[in-house]
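Welcome! Here are a few exercises to work through at your own pace, each followed by a worked solution.

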Amino acid sequence: MNLENSVAHIEVLLFAGLKAQFQSSRLIISTMTPIAVNDLIELIISLRPDLSDHISASLVACNGQIAETSKMITEKDEVALLPPMSGG
Amino acid sequence: MIRLTTSIINSAELVRFVSDPNHGAFVLFLGTIRKFTLEKETKSVEYEAYEPMAVSVLEQIEAQAVSQFKIGKVSIVHRLGKCLPEEVAVAVAVSSSHRRNAFDACSWIMDEIKRVVPIWKLETDGDDVSTWIHPQSNSI
């Protein structure tokens with residue numbers, strides 16, 4: 001995998017309360033890539049600091065798997081922000 | 001059998017799937033929409049999922065349950081979309097040689113569904129106020 005930094009657009013899928021608050025089912029984040037999950041979360045918080053607690057409480061999924069905060073993400077990955085789950 | 005559905009859940013179908021002449025225990029759990037929590041009324045609950053991941057995680061839960069509890073078969077069906085009070089929101093059926101494994105597995109599966117499957121609920125109360133339920137975080 002080529003890990004050279006470049007500017008790219010990462011699409012982040014949103015669900016439930018975060019989707020409602022952002023009034024969108026997805027965010028497009030323009031950033032240098034690859035980017036660590038932790039840094040991506042900080043970028044999202046910078047868009048809506050009022051939702052900091054909710055965003056921080058969420059997990060990031062990368063290609064359908066929960067991602068560690070150190071995982072590096074590129075624009076080719078399917079990224080989702082998962083607020084605390086409430087199925088059942 | 002793992003399924004997400006917008007249709008009414010047919011619990012008989014789950015039981016049929018796990019039925020096995022070699023198993024002497026069948027446990028069926030039905031999670032239904034509660035009309036009142038203390039004095040607070042629930043008019044409806046709407047479920048949303050990150051569907052591909054939810055199915056994948058449910059399959060992982062099924063596989064782990066079979067391995068960990070030495071059970072036979074598992075069926076898990078979860079509703080999506082709008083559910084009304086008394087409707088079944090989630091159903092889990094487990095078959096096993098003996099009852100203890102089936103009870104334990106069913107309980108564990110439900111805990112895992114609530115903990116790790118990307119499904120969320122939007123509750124609408126008696127005043128028509130809708131709130132996304134997010135445990136561990138203030139609801140939005």
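Which elements of chain B each supply at least two residues of the lining of the largest pocket? Keep in mind as you look that this is a predicted model.

**Exercise 1. Describe the largest pocket and its lining.**

Step 1: Start with the elements. Those of chain B that each give at least two residues to the lining are β2 (25-32), β4 (40-49), β7 (88-96), α3 (99-116) and β8 (119-125).

Step 2: Look for the main contributor. β4(B) provides the largest share of the lining, with 4 residues.

Step 3: Find the centre. Of the 17 lining residues, B:T32, B:R34, B:T37, B:K121 and B:E123 lie nearest to it.

Step 4: Sort the lining by character. It divides into 7 nonpolar, 5 polar and 5 charged residues.

Step 5: Add the volume. The largest pocket holds about 370 Å³ of space.

**Exercise 2. Work out how strand β5 of chain B is placed.**

Step 1: Check how covered the strand is. β5(B) spans residues 74-79, and 6 of its 6 residues are buried.

Step 2: Follow the two directions. B:V74, B:I76 and B:H78 point one way, while B:S75, B:V77 and B:R79 point the other way, and all are buried.

Step 3: Identify a parallel partner. Strand β1 (residues 2-5) of chain B pairs with β5(B) in the parallel sense over 4 bridges. For B:L4, the bridge partner in β5(B) is B:H78.

Step 4: Identify an antiparallel partner. β5(B) and β7(B) run antiparallel and are joined by 5 bridges. Here B:S75 stands opposite B:A93 of β7(B).

**Exercise 3. Decide whether A:T33 is buried or exposed.**

Step 1: Locate the residue. A:T33 belongs to strand β2 (residues 26-33) of chain A.

Step 2: Apply the cut-off. Buried means under 20% relative accessible area. A:T33 has a relative accessible area of 2%, so A:T33 is buried.

Step 3: Relate A:T33 to another residue. A:A61 is 28 residues away in sequence, and the C-alpha atoms of the two are 17 Å apart.

**Exercise 4. Sum up the build of chain A.**

Step 1: Take stock of the elements. Chain A has 3 helices and 7 strands, and from the N terminus on they run β-α-β-β-α-α-β-β-β-β.

Step 2: Judge compactness. The radius of gyration of chain A is 12 Å, close to the 12 Å that the globule rule gives for 88 residues, so chain A is as compact as a globular protein of that length.

Step 3: Consider burial. Of the 88 residues in chain A, 50% are buried.

Step 4: Finish with the span. Along its principal axes, the C-alpha trace of chain A covers about 40 × 25 × 20 Å.

Conventions
Residues are numbered from 1 along each chain as its sequence is written. Chains are lettered from A and ligands numbered from 1 in the order in which they are written. This is a predicted model: local features need pLDDT of at least 70, side-chain atom pairs count only at pLDDT 80 or more; totals for chains, interfaces and linings use all residues. Side-chain values use heavy atoms; hydrogens and water are left out. On a 1 Å grid over the protein atoms alone, a cavity is a set of points where a 1.4 Å probe fits but cannot get out, and a pocket is an open set with protein on both sides within 12 Å along at least five of seven lines; lining residues have an atom within 4 Å of a point. Grid points are joined across faces, edges and corners, and a volume is the space filled by probe spheres set on the points. Ala, Val, Leu, Ile, Met, Phe, Trp, Tyr, Cys and Pro count as nonpolar, Asp, Glu, Lys and Arg as charged, and the others, Gly among them, as polar. Buried means under 20% relative accessible area, exposed over 50%, partly exposed in between (1.4 Å probe, protein chains only). Two strands pair if DSSP finds at least two bridges between them. The radius of gyration is taken over C-alpha atoms; the globule rule is 2.2 Å times the number of residues to the power 0.38.
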